[in-house]
Amino acid sequence: MKLSRRDLLKAGVFAGAATALPLQRFVSSADSLATRMPASKLPRPFSSTFRRPSVITPSISTATTDYYDITMRAAQVEILPGYQTVAYTYNGQVPGPTIRVDQGRQVVVRQANQLPAMHDRLGYEPWTSVHLHGSASLPQFDGYASDITRPGEFKDYQYPNAQPARTLWYHDHGVHHTAQNAYQGLAAMYLMSDPLERSLGLPSGEFDVPLMISDAMFHSDGQFLFSLDDESGMWGDVMLVNGVPWPTMDVKPRKYRFRVLNCSISRSLNWRLSNGAPFHVIATDGGLTAAPIQVTNIRHGGAERYEVVIDFAKYKPGTLIQLLNNSPKNNRDDTNTNRIMQFRVVSGSFPTADDNLPSVLNPNNPVMALQESQAVNRRRFRFERKNSQWTINGKTWKDVEDSGYRYTVAQPLKDSVEVWTLENSSGGWFHPVHIHLVDFKILDRNGRPPHPWERGPKDVAYVGENETVRVLVRFEGRGKYMMHCHNLVHEDHDMMAQFEVVDPSMPGDDPMGTPARPLDQMGPLGQ
């Protein structure tokens, strides 16, 4: 369905506040499956060549700060071989360029929205809000959903990078259509290192590899197909790794460190190696685990990051090993969504430095040192479908908007420790729950210990069907931040709340206190 600008004006889309939710839902659901690319024209799994995301260099650097210039724009990219797909990109790339930074080095990223004024097929205005997922950013630079940057505007985001080394990622968080924007390409890696991590001799350089796993569908002309049947999610029939369908990666017979991000809009994964071989988890969302954790599979929700070491040293050249997906419940699967990518062991010389898997990594992470006895408050949050709405404790983001952004589900004191219980009493869907600002420790899942792979600092908890997950959190910083389901379709349909970290000595920063500005007001970076 096409809507005219007059229709949109009547609905209030251009009225200044991003609150035309029913229209946005309707438009995003109007895309039809009738023109879906037939399976016979999709590439064969493992026939494409693996590609690493590019790494961006600063535009300007000072003694303390690196400045980056990134433009969000529509660009034609090749995802399916032989087709040009119009994507929404950071600097014309899918995925966007990776930012690498050292702990303590400040970063400013100028994000200029030069996307079209209206999406040509889905009929919505692609306003944006860039969230650096995993960063303890100030509220006004956290990608608060309603702090939007419209086409023709820009915003400078400031990041302190004071946390321990970790795998972060930046992606769009614009209210009511995060799913569409991220689905079409607005996602990229942000990798932070620190002295401890560098001292361990873990695989580095070409052997430190980001894997951004997602899924997509395509129209018969090669364009993205975005379809919402019942607002429960968006599942594609093509598995992508770093924007490449089912790629094959040549690996040398030594250890590799893979930074695995599930950046699917809705899909969860349960991935393993085809030969059943074990591998080692060395880091979770918030950084290094205390020691390597040997596993044979990982259940992986949207936005979670797991860093793993796989050792290919024992395999002969020519050995093929696939990364497979035993899909968890309540995903919608297709012919080849059980396959992700393939590794092909090759011969030849290779560096032997940084080929270590130490027995001790980071036993002193402050989050993992927290004890439940330190908790001064306990709160419970129910994630449920209620009256045809995705809710948290019966409330939605619309309630936050209607309150003038004052309504909060919790007001923990700065530096206090709390236990938050995340409850999903449904058997019909799962919720990857993301709490902004903080890292947390998973205490238990339905009263049992957390899965082995999630025994490290986290910022997303996979809350599966009929699961209750308790997390232990210390609240540093101050101000208002979001908590939401990272099934981005659920989030866009308002399964999002806000909490406020209260510092009695001073007020928190306003998450919409540093608004975007018109592009014609853009001055030089760093001034």
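These notebook entries record what I looked up in a predicted model of the structure.

**Entry 1. Pockets**

I began with the open spaces. The largest pocket holds about 420 Å³ of space. I noted 19 residues in its lining, and those nearest the centre of the pocket are Ala136, Gln163, Leu437, Arg474 and Glu476. Sorted by class, this lining comprises 10 nonpolar, 4 polar and 5 charged residues.

I then turned to the second largest pocket, for which I recorded about 250 Å³ of space. Its lining is made of 17 residues, with Ser193, Glu197, Arg198, Ser204 and Asp208 closest to the centre. Which elements each supply at least two residues of this lining? I listed strand E5 (99-102), strand E10 (187-193), helix H4 (195-199) and strand E15 (255-262). By class, I entered 5 nonpolar, 4 polar and 8 charged residues for the second largest pocket.

**Entry 2. Cavities**

Next I looked for enclosed space. Rolling a probe the size of a water molecule over the atoms shows where empty space is left. I recorded 6 cavities of 30 Å³ or more in the structure. The volume of the largest cavity is about 200 Å³. Among the 18 residues lining the largest cavity, I noted Val94, Ala182, Tyr183, Gly185 and Ser214 as the closest to its centre.

Helix H3 (178-183) and strand E11 (208-216) each give at least two residues to the lining of the largest cavity. The largest share, 4 residues, comes from E11. I sorted this lining into 12 nonpolar, 5 polar and 1 charged.

**Entry 3. Nonpolar cores**

I looked up how the buried nonpolar residues group. In soluble globular proteins, nonpolar side chains tend to be buried together. The largest nonpolar core here has 82 residues, and Phe258 and Phe312 touch the most other members. I then listed the contacts of Phe312, leaving out residues up to four places away in sequence: Val251, Lys252, Pro253, Arg254, Tyr256, Phe258, Ile321, Phe343 and Val345. Another core, of 27 residues, lies apart from the largest one, and its members include Ile392, Leu422, Val438 and Ile442.

**Entry 4. Salt bridges**

I recorded a count of 37 salt bridges. I examined three pairs and a network.

In the first pair, the side chains of Lys155 and Asp147 meet with an N to O distance of 2.4 Å. I noted Lys155 as buried, and Asp147 likewise.

In the second pair, the side chains of Glu197 and Arg257 form a salt bridge at 2.7 Å, N to O. This pair links distant parts of the chain, with Glu197 in helix H4 and Arg257 in strand E15, 60 residues apart. Are these two residues buried or exposed? Glu197 has a relative accessible area of 6% and therefore counts as buried, under the cut-off of 20%. Arg257 has a relative accessible area of 4%, so I entered Arg257 as buried too.

In the third pair, the closest N and O atoms of Glu467 and Arg299 are 3.2 Å apart. Here also the pair links distant parts of the chain: Glu467 lies in strand E29 (residues 467-474) and Arg299 in strand E19 (residues 298-300), 168 residues apart. I entered Glu467 as buried because its relative accessibility is 11%. Arg299, with a relative accessible area of 15%, is buried as well.

Which residues do salt bridges that share partners join into one network? I listed Arg100, Glu197, Asp208, Arg257, Arg259 and Glu307. Of these, Glu197 and Asp208 are also among the residues closest to the centre of the second largest pocket.

**Entry 5. Threonine 289**

My last query concerned a single residue. Thr289 is placed in strand E18 (residues 287-295). Where does its exposure fall? The relative accessible area of Thr289 is 1%, so I recorded Thr289 as buried.

Which residues is Thr289 in contact with, leaving aside neighbours within four places in sequence? I found Val281, Ile282, Ala283, Thr284, Leu361, Asn362, Arg455 and Gly456. I also looked up the separation between Thr289 and Trp271, which are 18 residues apart along the chain, and their C-alpha atoms are separated by 20 Å.

Key: Residues are numbered from 1 along each chain as its sequence is written. This is a predicted model: local features need pLDDT of at least 70, side-chain atom pairs count only at pLDDT 80 or more; totals for chains, interfaces and linings use all residues. Side-chain values use heavy atoms; hydrogens and water are left out. On a 1 Å grid over the protein atoms alone, a cavity is a set of points where a 1.4 Å probe fits but cannot get out, and a pocket is an open set with protein on both sides within 12 Å along at least five of seven lines; lining residues have an atom within 4 Å of a point. Grid points are joined across faces, edges and corners, and a volume is the space filled by probe spheres set on the points. Ala, Val, Leu, Ile, Met, Phe, Trp, Tyr, Cys and Pro count as nonpolar, Asp, Glu, Lys and Arg as charged, and the others, Gly among them, as polar. A nonpolar core is a set of buried Ala, Val, Leu, Ile, Met, Phe, Trp, Tyr and Cys residues joined through side-chain atoms within 4.5 Å. Buried means under 20% relative accessible area, exposed over 50%, partly exposed in between (1.4 Å probe, protein chains only). Contact means heavy atoms within 4.5 Å. A salt bridge is a side-chain nitrogen of Lys or Arg within 4 Å of a carboxyl oxygen of Asp or Glu.
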